[in-house]
Amino acid sequence: MSTADPDIEDVIAGVGPRLRSLRTERGTTLASLAETTGISLSTLSRLESGDRKPSLELLLPIARAHQIPLDELISAPPVEDPRVKSTPVRRDHVIIHPLTRRPGGMQAYKIVVDGGRREPDPRVHEGYEWLYVLNGRLRLVLGEHDIVMKPGEAAEFDTRVPHWFGSVDERPVEILSLFGPQGERMHVRAKPAES
């Protein structure tokens, strides 16, 4: 005596609700789906309620009617855990929390700068950066500019321009940073200074 695979049973049990959800999302009635597929209204109703097991002969015309691949009816795509698990990195007076998990392309970081980083040491490198101040007051030295930023303010710049950022005083500063390769601009502009 063989027992059914629980995974297969779960997939089969999920087909009916998926069929009903798909049909209602598209605003299709059972009667109109029956007419399009040639499957009786009662059979479609029993499929959706789970009273009838799905078969290829029934699912293929339904998939064609909805213009979707058959596998969308059979199983929902697996959803991976969206949480980013990373280890913060400490460099001098800065703690960097990576917020993206894929290498290359656009990268996001939460950066906490402690009050000990107050002496400017501008650097240059390839890329483009966007900074948003979450807490504290940030001092940004960019080229000839020496700017103090408060929570809620943003800045963006080409990292080939000499730049440095740190705390204005002994209190830490928290910022959100998006960093991308040269040419990947973030399309967020700082509000122009009022004159």
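Colleague: Before we get to the salt bridges, what does partly exposed mean here?

Modeller: Partly exposed sits between buried, under 20% relative accessible area, and exposed, over 50%. Keep in mind that this is a predicted model. Take Asp 146: its relative accessibility is 47%, so Asp 146 counts as partly exposed.

Colleague: Okay, and which residue does Asp 146 form a salt bridge with?

Modeller: That would be Arg 139, with 2.6 Å between the closest N and O atoms. Arg 139 has a relative accessible area of 24%, so Arg 139 is partly exposed too.

Colleague: How do I read a salt bridge in general, and how many does the structure hold?

Modeller: Look for a side-chain nitrogen of Lys or Arg within 4 Å of a carboxyl oxygen of Asp or Glu. The structure holds eight of these.

Colleague: Which residues are joined into one network by salt bridges that share partners?

Modeller: Arg 20, Arg 23 and Glu 48. Start with the side chains of Glu 48 and Arg 20, which meet at 3.5 Å, N to O. Glu 48 belongs to helix H3 (residues 41-49) and Arg 20 to helix H1 (residues 6-25), so this pair links distant parts of the chain, 28 residues apart. Then there's Arg 23, which forms a salt bridge with Glu 48 at 2.7 Å between the closest N and O atoms. Arg 23 is in helix H1 as well, 25 residues from Glu 48.

Colleague: Are those three buried or partly exposed?

Modeller: Glu 48 is buried at 5% relative accessible area, and Arg 23 is buried at 11%. Arg 20, at 36%, is partly exposed.

Methods. Residues are numbered from 1 along each chain as its sequence is written. This is a predicted model: local features need pLDDT of at least 70, side-chain atom pairs count only at pLDDT 80 or more; totals for chains, interfaces and linings use all residues. Side-chain values use heavy atoms; hydrogens and water are left out. Helices (H or I, at least four residues) and strands (E, at least two) are DSSP runs, numbered from the N terminus. Buried means under 20% relative accessible area, exposed over 50%, partly exposed in between (1.4 Å probe, protein chains only).
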